[in-house]
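Open the structure in your viewer and keep the selection tool at hand. The tour goes from the whole chain down to single side chains.

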Amino acid sequence: MTTPKVVLAEQLSPATVEALGPDFEIVNVDGTDRDALRAALADAAAVLVRSATNIDAEAISWAPQLKVIARAGVGLDNVDIPAATQAGVMVVNAPTSNVISAAELTVAHILGLARNLQPAHASMTAGKWQRSAFTGVEMYEKTVGIIGLGRIGGLVAERLQPFGVEILAYDPYVSAARAQQLGARLVTLDELVAKSDFITIHMPKTPETLGMIGAPQLQAMKQSAYVVNVARGGLIDEQALYAALEAGEIAGAALDVFVSEPPVDNPLVGHPQVHLTPHLGASTAEAQEKAGVSVARSVRLALAGELVPDAVNVAGGAIAEYVRPGLPLTEKLGQVFAALADGPLASLDIEVQGELAGYQVEVLRLAALKGVFTNVVSEPVSYVNAPLLAEQRGVEVRFSTTEKTASYRNVIVLRGSTETGEQVSVAGTLTGPQQVEKIVNINGYDLELPLTEHLLVFEYWDRPGIVAKYGAILGDAGVNIAGMQIARNQKTGKALSVLAIDQALAAQQVQTVGEVIEADLVRAVDITA
């Protein structure tokens, strides 16, 4: 068995390599050297980068065996996510690795502005002693406005509370109750801008948030106010900020991020009222270590075929422990469904019934699609490209949940139709303390049978002697029946038999069973791990 190759395209910590473990061939390469990168990616299963290596569509095309791209950090500007998704490659990052570091840098900048730390330091290194020139202000009883009360904004709020400040917050996606928990009061953006002595912004970079703090907001601020940006370059309009500083509309600013990095010919660089740092939000030993270790763990999960919560091109987030056992069950149900279907799919409905409906279970949709296509298409199927495969094949996919279920605590149902109009359905559940995977319905027939590696399913007119016939065929072939269930439809007079067998049947053997018992439907189901 070939050892999977993992390429480290940039310098990563020893802890990162340790987190990967001994199961991989680790190759170090300079990711900025495109020729060296191309050679390394030729047989790579995974590549880990920071910010210097550009994993674009061309680089992805060099890596036919690539399963995961890992960015040891938060931003993904250097990874072509659509190209990766198209190729079925998972993209992961470390979204929470730098939250504490970024929050602490924000607080440091606020305190630095309040006490003029940077200009005072520069003055002293120039040989001057100008105490009166750098009189600052206390934080006590000042108002701090936080734009964006997510992970980092919330940490900033928590860290500023002991200073005795009033905290205002603007975030259209945060409830008043959540803001209150963080010691903040939700207000409109206009009120926050007008009342705050210090404003810090922690929003994602989107077309809607670019220039969010522009000329109108800067003009509405107090002349004694300061603005801080440790989030993303461009959230504050740099030209408008320079104009506001020159006009005396605000007292100063602190920036860690810029529209163009490094900032060249930027008038804010060297401005006496602006404190600058070179994008240091994640630049702590702890954050770098967390990022590397986090993505290393994600790489291990991805290469093991498991869903990775930090994958950015996969729907869903962290998976609840109650939901997790349903993933392999749903994948297997998808394989059963695909084996039962005779021809290309036109539609697929995935329904989660029972207590699971109270959880975030969108991930089960991905598991179902992965199972459906695993033995259908030639390319490797993952949680990443399974929805794309459905879209490319014109399969209409619907997903729903309901707390109602008739006989079991939870049931996962897959229903659909082929392009010829054939209707197919399969349902399964997990039972008992051992969470045994069971099939509980096939095409409307109720049953309860453990879900095993090899199944034989057939539907026929119910009459005496059928079991003896197929039992003899399988016995002559040396195939042992490990378990079986027969379900009957009294209205139609038909029956469905599902056999759990110890080995796969050849196509001719399956055909023989169908012919001997005159089956309307006969399918062999071989489930791959």
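What follows is a list of stops, each with something to select and a note on what is there.

**Stop 1: the domains.** The model is predicted. Colour the four parts separately: domain 1 (5-93 + 286-304), domain 2 (98-276), domain 3 (315-445) and domain 4 (452-528). Between the centres of domain 1 and domain 4, taken over C-alpha atoms, there are 47 Å.

**Stop 2: Ser13.** Select Ser13, in the loop between β1 (5-8) and α1 (14-20). Is Ser13 buried or exposed? Its relative accessibility is 13%, so Ser13 counts as buried, because buried means under 20%. Leaving aside residues up to four places away in sequence, Ser13 touches Arg50 and Glu289.

**Stop 3: Trp62.** Move to the loop between α3 (57-61) and β4 (68-71), where Trp62 is found. Trp62 is buried, with a relative accessible area of 11%. Which residues does Trp62 touch, not counting those up to four places away in sequence? They are Arg34, Leu37, Arg38, Leu41 and Ala42. Then add Ala311, which is 249 residues from Trp62 along the chain. The C-alpha atoms of Trp62 and Ala311 are separated by 21 Å.

**Stop 4: Arg34 and Asp56.** Keep Arg34, one of the contacts of Trp62, and show Asp56. Side chains of opposite charge can pair when their charged atoms come close. The side chains of Asp56 and Arg34 meet in a salt bridge, at 3.0 Å from N to O. This pair links distant parts of the chain: Arg34 lies in helix α2 (residues 34-41) and Asp56 in the loop between β3 (46-49) and α3, 22 residues apart. Arg34 counts as partly exposed, at 24% relative accessibility. The count of salt bridges comes to 21.

**Stop 5: Arg488 and Asp462.** Select this pair next. The closest N and O atoms of the salt bridge between Arg488 and Asp462 are 3.3 Å apart. Arg488 is in strand β20 (residues 481-489), and Asp462 is in the loop between β19 (454-461) and α16. Arg488 counts as exposed at 56% relative accessibility, whereas Asp462 is partly exposed at 31%. Now select Glu166, Arg185, Glu191 and Lys195, which are joined into one network by salt bridges that share partners.

**Stop 6: a nonpolar patch.** Finish with Val467, Met484 and Ile486, which form a nonpolar patch on the surface. Together they have about 220 Å² of accessible area. Val467 is in helix α16 (residues 466-476) and is partly exposed, with a relative accessible area of 38%.

Definitions and conventions:
Residues are numbered from 1 along each chain as its sequence is written. This is a predicted model: local features need pLDDT of at least 70, side-chain atom pairs count only at pLDDT 80 or more; totals for chains, interfaces and linings use all residues. Side-chain values use heavy atoms; hydrogens and water are left out. Helices (H or I, at least four residues) and strands (E, at least two) are DSSP runs, numbered from the N terminus. Buried means under 20% relative accessible area, exposed over 50%, partly exposed in between (1.4 Å probe, protein chains only). Contact means heavy atoms within 4.5 Å. Patches are made of residues with over 30% relative accessible area and no salt bridge: like charges are joined within 9 Å, nonpolar side chains (Val, Leu, Ile, Met, Phe, Trp, Tyr) within 5 Å. Accessible areas come from the Shrake-Rupley method with a 1.4 Å probe; for residues, only the protein chains shown count as cover. A salt bridge is a side-chain nitrogen of Lys or Arg within 4 Å of a carboxyl oxygen of Asp or Glu. Domain bounds come from an automatic or database domain assignment.
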